[in-house]
Amino acid sequence: TYMALFSALFVFTYLGGEATRARVAMGLGTGTLAILAKPNGLPLIIFMFVDIVLYHKTSRWWLKAFFMLGAAALIAVFFLFYMTYLISFLESSSHFSFFGIPYSNYLYGIYDALPMMIDLPLSWLSLIGAKLLYLVGLRPSYGVTPVDIVLIRAAPGLILLPGLLWLMVYRPRRESLFVLLFLIPPFLGATQERYLLPIMPLVFYFGVVAFGEAKEAIRRLRPG
């Protein structure tokens, strides 16, 4: 999709190095095109401005203040523009089910045998876990699909899931912030692997890194 293309260009043009003037200009251009393609491209611009404010090597406070004001204005414009889409997305997501359990059930508690003080937090954590699995494609089929096809479709999730967890736990500074902001829109509603498509190569890469580190850790634990 166009969204995936512009997101990939954003990663290469802006996230691929320090925030120079040229990279900022290219990042602003590709990020804006991503937003125009789909509203969940908005985190690209948010990330760019947050990244500049937090990590850009400049002592000019007024320059960072300018970027913050510019970010707030741009975000407000696109947010208002896509407000109707957001409301529609949240409404349709409320009828979605994760592993056969309706979305609303998770919100009000799915562990009836437990006290409410335990039931609700545990249900919400279960919802987050279910959304994460759906996001990487480790989910059942929506229709009547042969098991072997479902397994083939879900196979990349075995690498994507460790990639996401690696990013969240070990947190390579800029990459983890970028992925975290990018995942906020789909996590507000129904998560599916198609929402991960624009950043899938990046997450897949860190999944390979995670397996490599795990293999190295196992090798070190072996005697001799």
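Start with the whole chain in view: read along the sequence, the protein runs α-α-α-α-α-β-β-α-α-α-α-α-α. That adds up to eleven helices and two strands. What you have open is a predicted model, so keep that in mind as you click around.

**Stop 1: the whole protein**

Colour the cartoon by secondary structure and turn it around a bit. There are 224 residues here, and 38% of them count as buried. Now switch on the surface. The protein exposes about 13,300 Å², with carbon and sulfur atoms supplying 73% of that area. How much of the contact list links residues 24 or more positions apart? Among contacts with a separation of 6 or more, such pairs account for 62%.

**Stop 2: the largest nonpolar core**

Hide the surface and select Tyr14, Phe47, Phe178, Val179, Leu196 and Ile199. These belong to the largest nonpolar core, which has 37 residues, and they are the ones that touch the most other members. To see where the core comes from, colour helices H1 (2-15), H2 (21-37), H3 (42-55), H9 (157-170), H10 (173-187) and H11 (200-221), since each of these elements gives two or more residues to it. Which helix gives the largest share? That would be H3, with seven residues.

Next, zoom in on valine 179. Leaving aside residues up to four places away in sequence, Val179 touches Leu164, Leu167, Met168, Ile199 and Leu202. Show those side chains as sticks and look at how they sit around the valine.

There is also a second core, separate from the one you just visited. It has eight residues, and Tyr103, Tyr106, Leu127 and Ala130 are among them.

**Stop 3: a charged pair under cover**

Go back to helix H3 and pick aspartate 51, which is part of that helix. Is this residue buried or exposed? Aspartate 51 counts as buried because its relative accessibility is 2%, and the cut-off for buried is under 20%.

Now add arginine 174. The side chains of Arg174 and Asp51 meet in a salt bridge, at 3.0 Å from N to O. Arginine 174 sits in helix H10 and aspartate 51 in helix H3, so this pair ties together parts that are 123 residues apart in sequence. The arginine is under cover too: at 13% relative accessibility, Arg174 counts as buried.

**Stop 4: more salt bridges**

The structure holds five salt bridges, so there are others to look up. Move to helix H11 and select glutamate 216, arginine 219 and arginine 220. Arginine 219 forms a salt bridge with glutamate 216, and their closest N and O atoms are 2.4 Å apart. These two are three residues apart in H11, which means about one helical turn separates them.

Arginine 220 also forms a salt bridge with glutamate 216, here with the closest N and O atoms 3.4 Å apart. In this case the spacing is four residues in H11, again about one helical turn. Arginine 220 is exposed, with a relative accessible area of 63%, while glutamate 216 counts as partly exposed at 26% relative accessibility.

Then select Arg139, Arg153 and Glu193: salt bridges with shared partners join these residues into one network.

**Stop 5: a nonpolar patch on the outside**

Bring the surface back and highlight Leu114, Met117, Ile118, Leu122, Leu125 and Ile128. Together they make a nonpolar surface patch of about 610 Å². Click on methionine 117, which you will find in helix H7 (residues 116-135). Why does methionine 117 count as exposed? Its relative accessibility is 76%, and exposed means over 50%.

**Stop 6: an unusual backbone angle**

For the last stop, find the two strands, S1 (97-98) and S2 (101-102), and select phenylalanine 99 in the loop between them. Check its backbone angles: Phe99 has a positive phi of about 55°, although it is not a glycine. Where does its side chain stand on the scale from buried to exposed? Phenylalanine 99 is partly exposed, with a relative accessible area of 39%.

Terms used:
Residues numbered from 1 in each chain as written. Predicted model: local features only at pLDDT ≥ 70, side-chain atom pairs only at ≥ 80, totals over all residues. Heavy atoms only, no water. Core = buried A, V, L, I, M, F, W, Y, C linked by side-chain atoms within 4.5 Å. Buried < 20%, exposed > 50% of the residue type's maximum accessible area, 1.4 Å probe, protein only. Contact = heavy atoms within 4.5 Å. Patch = residues over 30% accessible without salt bridge, like charges linked within 9 Å, V, L, I, M, F, W, Y side chains within 5 Å. Areas by Shrake-Rupley, 256 points an atom, 1.4 Å probe, with all protein chains shown as cover. Salt bridge = Lys/Arg side-chain N within 4 Å of Asp/Glu carboxyl O.
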